Amino acid sequence: MLALLAMTASVFGNSNYVHWVGGTGDWMVSGNWTNEDPAPDWNIPGWVVGNPSNTGGSTALDWNYGRAVIESGTARITPSSAPDGYVSKLYLGGTNGANVEISGDALFKDIYLADTGESATITQTGGSVELSGNYTTHIGRHGNGTYNLSGGTLTHNSTPGADTHTFIGVYDGAVGTFNQTGGAFVKNGTVQQNIEVGYAAGSKGIVNLSGGTFHDDVGDYTLLAHKIGSEGYLNISGTASLRVGQGDVGSSQPPTGYGILGIGYEGYGKVVQTGGSVEANYLKLGVKSSGLGDYVISGGSLDLPAYLQIPEAGTFMVSGSGADHIRMNKFMPNYQYIGFELDANGSTLIEVNGTTNDYYHGANENARWQLDTLPDFNGQVGDKYDVLWSATPIVISGSGYNSLNNIGTAIFEREIVATNGGEMVRFVMTGTKTNAVVWSGTGNWMDSSHWTDVTPAPDWTIPGQGPLNEGEALIRSGEASITASSYPDSPVVKLDMGSSAGATLNVTGGDVEFKEVTLAEAGQVATVNQSGGNVTFTGNSRAYIGRNGHGTYNLSGGTLTHTSESGADCHTFIGVDRGSVGVFNQTGGTFVKNGSVQQNIYVGYYAKAIGILNLSGGEFLLESGDDFILGHAQYNGDLARGYLNLSGTALLQIGDGGLTPSGEPAGGWGRLSVGNEGYGELNQTGGTLDTEYMKIADSTTTGEGVYTISGGSVDVHRYIYLVNSGKATMTIAGSGADEIKMSRFIALAGTTLNLQLDENGTTLMEVYGTSSDPYHDAILRGTIAVDTLASFNAPSGTVFDVIWSANNFETTSGTFAFTNLSDRATFDWQVVTKDNNGVSGQMLQLVVTSSKSPLDLWVEGYGLTGADAEALADPDGDGFNNLYEFGLGGNPTDPLDQGIAPTYAVAEDGGETWMTYVYPKRSDPYSGLTYYLELNNDLVFGQWTNSGYTVEGTGTINGDFDAVTNRVPTAVEGEQFIRLIIEE
């Protein structure tokens, strides 16, 4: 006999988690579920009729509050095995995957697919599924979640009066995918429903529609990439039908919803339409100031009863003439890119059909027009191509932006002519580029069958073949490879890559020199993968990775060298102009500058450009006179944004350590600028950073800069300088960095040095310059802000060394401030004389004056004070003290809520009988709690011991609690008693 003691009887009746244990099986088989309640109100989530505890027979949620937890296996809902009531919550996901297959009807209040480290898949082939929760349909919450809809109906309803939301890719690290090949996704109800594809920073949402219907209605909006740092993708093909709104356009600008398809709300969103039909009242590309959105259409139909608008940054690209039609009432590009890729028949006409009788009507020609040609383009000089027609006269404004960018092999001029009762934007071919050689297919660079020379009597067929070769390599599609046996023997005058469908160059060996490099114009995608060989950029100011589109350079091996000709400066741009995204990923190999002239690296160059540099391995080397700038410029308050993530074993060296000049450097000399006039962000979790100067928020007008270090090492030979008041922050996050050294540290008034302490404090910041050095001392005129990380556990009286200076500290009265941001502890600061590695100097220390544990903070959150706040107090009188309420997730002020109860069941394995005992455990490793079991075979004379059982494994209950499974043999003792111990 086994018995459970200590904190069990009253808690079990309050538990509502039901765990799937059935492997692959049907939902309505009770043996496939384990209930946490020994006297269940249900044993199958959603079961109503026949439930012995449901005496009222109601299908209401209150009668059956079972929460389904499926961490492995496959649960099947079929027409003959389907719950007849609501499933309160579905938690689906496990480290090895978990699945639900649906062909029958089901009602869910909330679903959560895939938490951290998990994968989860729902596959619906039939039936009717209703999601009625508010804000709680999460497909890919923190992990990889997928919903496959091929038949039946998926309906998102709501509690009366509340908004409903479906999130596809929710939080950091999440990848949410919705694949629809048939069936219907619909919204039912009068309240607003929002579809969020890629919600929070670090999330990715993907919707693939190839069949069926995906419909939002009145007051709804579908957003791709909601927050800064999120990504959202929508691919429409086949016979799919996407509708956002019902075509009921009001008489004024909509507030939040009313059928808005927002591509890139604050993050990056992209739509690729090769078929199907799209109808949205309003289409916005780049909705907010940080948003960036691209829409590429090559097939299907697009109808916009109100307008197409690019309010911030984005590109609308018409690729070829294959789309059925593109219609809208109003055309509002706002000085952003409208691109066309012409095939043999030109492009599908954009029809702006609104008349003066409509509230929304007309076309503004304030666009940046871009023309390219597809491989089957066969135009001749004098040919005319109609691209946009408006029923009302076209408004021309902002002449500086009414530009035409010819990026293909043909040259065009633009004209506006009256036709069909309106006006037409038309492009006339006036010539061809005489030195362009176009790549097609997949193969090796030196295979002439992949190259086509646009001149009738070519001087070359392969760019870079022969000493007199002036051919520009245009790679608009396919995949070219440079290998040890197939590489050009002379410089390529220009490498121009990218198209809406993407283009790729692989370098695995050999030597190749490019005079100029341009990856990805507006609306284009281009990728270079270098795993070996030697690549040299020799052009001046002409290495563009993401010029106006999405350009990526992946360096995993070999050497990439940027040098220059004729003594001129040379520059590498990663994310160049408005609406561009440039990415440089380095996991190995070497990036090096060669030459005596200044080389600047710009990561995020012009307003609304985004540059991202991820260094996790290899060497990225700049030398004397060079600048490295994150977030270079702004325009009218629109900032360029540059991000550098340094991790692993990467080495970033800026400047060669030559410290001969004693004055302030002019333009270069090894300057790392984190936010020049734009926004710069440097996150260092590993690797080595070696630079001569670091300026954070370099411009005193618009520059914004953030540097956070939690690992690796940094050595700044001259100074770290926090410049712009209110916009410059340096954070030392914990004690994980190897070293943080500099000759001088300056924090001007209004800037912030943020010290985040873990259990060991922070990595010591060492200011090693002496009075004999041109740069020395520590000047603190801003704010030192102190915070604590989750692992902080220091008691009162603990002293932490945080900053050491070989010279005196200057803490300027009236500007220097000390601020405590922690809710875990309070601090004071002091400066003492103290050696560092045998060198005399001054040490700034933090002294803990009071400290609180996680339990203290939790109890404080319920408003408990005095004796009621003690760990062993039981203020609600339910038999559970505060320590156990915290450990189980209860409420110390509510006797009916003691948290998540342990569960037990008896099972056989290999002919032996076992008891399985599962208890909840806080998943936070810094909760300060220890959990274990004790067993006893005699309550009168026996002793409780922490032995006689084995821990089988740990699963996930929710975001705060894990489930720990223990196995207790039943054949060892005649009777045993078990209790759960929780200690602080």
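The following exercises, each with a worked solution, concern a predicted model.

**Exercise 1. Salt bridges across the chain**

Task: Determine which parts of the chain are linked by the salt bridge between Arg 141 and Asp 115, and decide for each of the two residues whether it is buried or partly exposed.

Solution: Begin with the contact itself, in which the side chains of Arg 141 and Asp 115 come together with an N to O distance of 3.8 Å, and this satisfies the cut-off of 4 Å for a salt bridge. Next, locate the partners: Arg 141 sits in the loop between strand E12 (137-139) and strand E13 (144-149), while Asp 115 sits in the loop between strand E9 (106-113) and strand E10 (119-124), so that the pair links distant parts of the chain, 26 residues apart. Finally, compare the accessibilities with the limit of 20% under which a residue is buried: Arg 141, with 21%, is partly exposed, whereas Asp 115, with 16%, is buried. This pair belongs to a structure in which a search finds 22 salt bridges.

**Exercise 2. A pair within a network**

Task: Explain what the salt bridge between Asp 638 and Lys 608 ties together, and find the network to which these residues belong.

Solution: The two side chains meet in a salt bridge of 3.7 Å, taken from N to O. Because Asp 638 lies in strand E60 (residues 638-639) and Lys 608 in the loop between strand E55 (599-603) and strand E56 (610-615), the pair ties together parts that are 30 residues apart in sequence. Both partners are buried, since the relative accessibility is 18% for Asp 638 and 7% for Lys 608.

Now consider a further pair, Asp 777 and Arg 744, whose closest N and O atoms are 3.1 Å apart. Here Asp 777 belongs to the loop between strand E69 (765-767) and strand E70 (778-780), and Arg 744 to strand E67 (residues 739-747), at a separation of 33 residues. Asp 777 is buried, with a relative accessible area of 17%. As for the network, salt bridges that share partners join Glu 312, Arg 578, Lys 608 and Asp 638.

**Exercise 3. The surroundings of a serine**

Task: Describe where Ser 805 lies and what its side chain reaches.

Solution: Ser 805 is part of strand E72 (residues 799-805), and its relative accessibility of 0% makes it buried. Its side chain reaches the backbone oxygen of Asn 807 at 2.8 Å. When neighbours within four places in sequence are left aside, Ser 805 is in contact with Val 767, Asp 777, Ala 778, Gly 841 and Gln 842.

**Exercise 4. A strand with two neighbours**

Task: Identify the strands that pair with E24, and state in which sense they do so.

Solution: E24 pairs in the parallel sense, over four bridges, with strand E21 (residues 221-224), and it pairs in the parallel sense over four bridges with strand E26 (residues 282-285) as well. Leu 261 can be followed through both pairings, for it is the bridge partner of Thr 222 and also of Leu 283 in E26. Turning to the side chains of E24 (residues 260-263), Ile 260 and Gly 262 point one way, Leu 261 and Ile 263 point the other way, and all are buried.

**Exercise 5. The buried side of a helix**

Task: Work out how the buried residues of helix H2 are arranged around the axis, and what they pack against.

Solution: In H2 (residues 854-861), the buried residues include Leu 855, Trp 858 and Val 859. They cover an arc of only 95° around the axis, and therefore they lie on the same side of H2. The buried residues of H2 pack against helix H3 (882-888) and strand E78 (912-922).

Terms used:
Residues are numbered from 1 along each chain as its sequence is written. This is a predicted model: local features need pLDDT of at least 70, side-chain atom pairs count only at pLDDT 80 or more; totals for chains, interfaces and linings use all residues. Side-chain values use heavy atoms; hydrogens and water are left out. Buried means under 20% relative accessible area, exposed over 50%, partly exposed in between (1.4 Å probe, protein chains only). A polar contact is a pair of N or O atoms within 3.5 Å; within protein, one must be able to donate a hydrogen and the other to accept it, and residues adjacent in sequence count only if both atoms are side-chain atoms. Contact means heavy atoms within 4.5 Å. Two strands pair if DSSP finds at least two bridges between them. The arc is that of the directions from the helix axis to the C-beta atoms.
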